[in-house]
Amino acid sequence: MVVPKLPRVVWLLVPLCLISSNMLLAGDLQIKPGIVVDMYGYQIKQAQSSEWDEGAALAATPNIAFLFDSKYLVSVLDWKQKNVFYDDAQRSDKTLDYIDFNSRLSAWDDRVALSLNAGEGYRLRNTQRGVFADEITGFSQLSKTRYMGTSLALSTARHRATQGAVNFTARKINSELPVINDDDPQFNEATFDNALYEMNFALGTAQRTVGVFWQISGRYAENVRENAIDLTSENIEAVLALPLLEQWAWVSKARYESNELYANADNEFGSVGTGLEYRIGKASYINLTYNVFRRDQLLLEDGDYWALDMLLAPTRRSSIKVSLDQRYYGRSVEVSGRYRLRHVSAQLTYNERLRVMNGLETEVNNLGVLVCPGGSSAAADCFLPPSANYQLLPGEYLQNVYANEIEFNESVVLRKSGLFNLVYDKNRLVYGLSLSRSEDEYVETNRFNITDNVTVFGKWRLSPTMQLSTEYSWYELQFSTEQRTDRSIRIKAGISFEINSRSDISLNAQRVSRDSNLQEFDLEENRAWVTYAYNF
């Protein structure tokens, strides 16, 4: 029998939160203990078997959330302990701890901010094992992961004509070996400890479309990898725009980028250019520049190219920024756009990054400020507020949320990824659509993976105490080395009932299927469960 126990790190974090809170001005401290009980029934059929593997499980999850909010300090500590008991001999009972701690201390009108975060949980390491694996039926495919980090941000006052900011970040992550570790080299899995040390800075005039504009920005990052060579990246960029006529300016720019990994993967790229910029209103601009570059990657190469940079912000609620440039690997594209009305909000991003797939560069996966229940900061539990005037329901909070990648390892990849989010909210209906695509070129191997995803979700409040929720998620993953293509689908539906102000119950059903061109990876799973939650 599994005996529930509270991890030591929780006892360390709780007094730390409370002591630091009492040292500051009085704020709002909320302590929310609770328990969640789930009863599961499931059927699983894999390609190697013609029969269904049927089973049942009971999960008891005590939890507690500490939320402290004051003028200077905001802290959230969420701890859950999931105790899972099975009725079949194929699976062992288990106790799993999930911890999420985030704290932000700010002063001098937010010009100085210190952030701390730490956590523990279980994550999928390899998408070839399935993108929907969880702790109930796919625990053997998950890796126990711990992380901690801190950052110090310094900036000038917002009313200053010249703006400056610098950010220092240090993060560390530890990932244990999944329970299933067959010696198949294609999975390339191992326990690892990774760290990231990063510094970002920016200095320049506050308004681009008024008078002389100048800005210089840069980044230095060192990714320390336990089982591979460290990756060191640095870049710096400078822009100068001098007004010529009423809406025209002469713009010049220079940029340098360097990535050090090992001899055949090291690269340097530098460029300088000049051109014209057309300014529109108080924020929008379009510029076109002619640039010359020097690239050093195995061979030294010189050349020239045209670049486009534009920001169109016709209203306070809508904007789009597009940059067409060049980097060490060739042409590059960056897109960032948003559109927000009273009941509809949309977000579009596309970027290209050289990075380590260990999840430490969280700003790449920053989903923004989302609406989350209780102390949870899991992306699956949160959604983009459909409007600036969205009224939070009881138990909902605004949190900055980062998405966990479905691929999680020490590999260095050049990732080209795009994401589109759409949320509609009116009356009692919330509807969301997410489209994404990523192309990963693994720098240290010849591997090239493509991931496409479509997710649709809906929440319909049938009455003040009843809510219907649905979700459809589709993934297509292409693995070039294995010449393998998987199409995975998950369909979920559930209805929840609020019994009283402290408790609710929900009925849920889910189907997961994976269809692969290599038949041995086919999978089907049907699951139904009942969830009872009580808040003390």
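Me: Is aspartate 134 buried or exposed in this predicted model?
Reply: The model is a predicted one. The relative accessible area of aspartate 134 is 19%. Buried means under 20%, so aspartate 134 counts as buried.

Me: Which side chain meets aspartate 134 in a salt bridge?
Reply: Aspartate 134 lies in the loop between E5 and E6, and its partner lies in strand E26 (residues 523-535), so the pair ties together parts that are 393 residues apart in sequence. The partner is buried, with a relative accessible area of 6%. The N to O distance in this salt bridge is 2.7 Å, and the side chain is that of arginine 527.

Me: How many residues apart in sequence are the parts tied together by arginine 487 and glutamate 476?
Reply: Arginine 487 and glutamate 476 form a salt bridge, their closest N and O atoms being 2.8 Å apart. Arginine 487 is partly exposed at 41% relative accessible area, whereas glutamate 476 is buried at 12%. Arginine 487 belongs to strand E24 (residues 484-498) and glutamate 476 to strand E23 (residues 466-479), so the parts they tie together are separated in sequence by 11 residues.

Me: Which residues are joined into one network by salt bridges that share partners?
Reply: One salt bridge pairs glutamate 120 with lysine 144, with the closest N and O atoms 4.0 Å apart. This pair links distant parts of the chain, strand E5 (residues 112-124) and strand E6 (residues 142-155). Glutamate 120 is buried at 13% relative accessibility, while lysine 144 is partly exposed at 21%. The network joined through shared partners consists of Glu120, Lys144, Arg146 and Glu176.

Me: How many salt bridges does the structure hold?
Reply: Among them are the pair of arginine 527 and aspartate 134 and the pair of arginine 487 and glutamate 476. For the structure, the number of salt bridges is 30.

Me: Which residues gather with Glu260 in a patch of negative charge on the surface?
Reply: Glutamate 260 is placed in strand E11 (residues 248-260). At 47% relative accessibility, this glutamate counts as partly exposed. The residues that gather with Glu260 in the patch are Glu234, Glu268 and Asp296.

Me: How far apart in space are tryptophan 52 and glutamate 525, C-alpha to C-alpha?
Reply: Tryptophan 52 sits in the loop between strand E1 (28-46) and strand E2 (53-69), and is partly exposed at 33% relative accessibility. Beyond its neighbours within four places in sequence, tryptophan 52 is in contact with residues including Glu524 and Asn526. Glutamate 525 is 473 residues away from tryptophan 52 in sequence, yet their C-alpha separation in space is 8.9 Å.

How values were computed. Residues are numbered from 1 along each chain as its sequence is written. This is a predicted model: local features need pLDDT of at least 70, side-chain atom pairs count only at pLDDT 80 or more; totals for chains, interfaces and linings use all residues. Side-chain values use heavy atoms; hydrogens and water are left out. Helices (H or I, at least four residues) and strands (E, at least two) are DSSP runs, numbered from the N terminus. Buried means under 20% relative accessible area, exposed over 50%, partly exposed in between (1.4 Å probe, protein chains only). Contact means heavy atoms within 4.5 Å. Patches are made of residues with over 30% relative accessible area and no salt bridge: like charges are joined within 9 Å, nonpolar side chains (Val, Leu, Ile, Met, Phe, Trp, Tyr) within 5 Å. Accessible areas come from the Shrake-Rupley method with a 1.4 Å probe; for residues, only the protein chains shown count as cover. Lys and Arg count as positive and Asp and Glu as negative; His and the chain ends are not counted. The place of a charge is taken as NZ of Lys, CZ of Arg, CG of Asp or CD of Glu.
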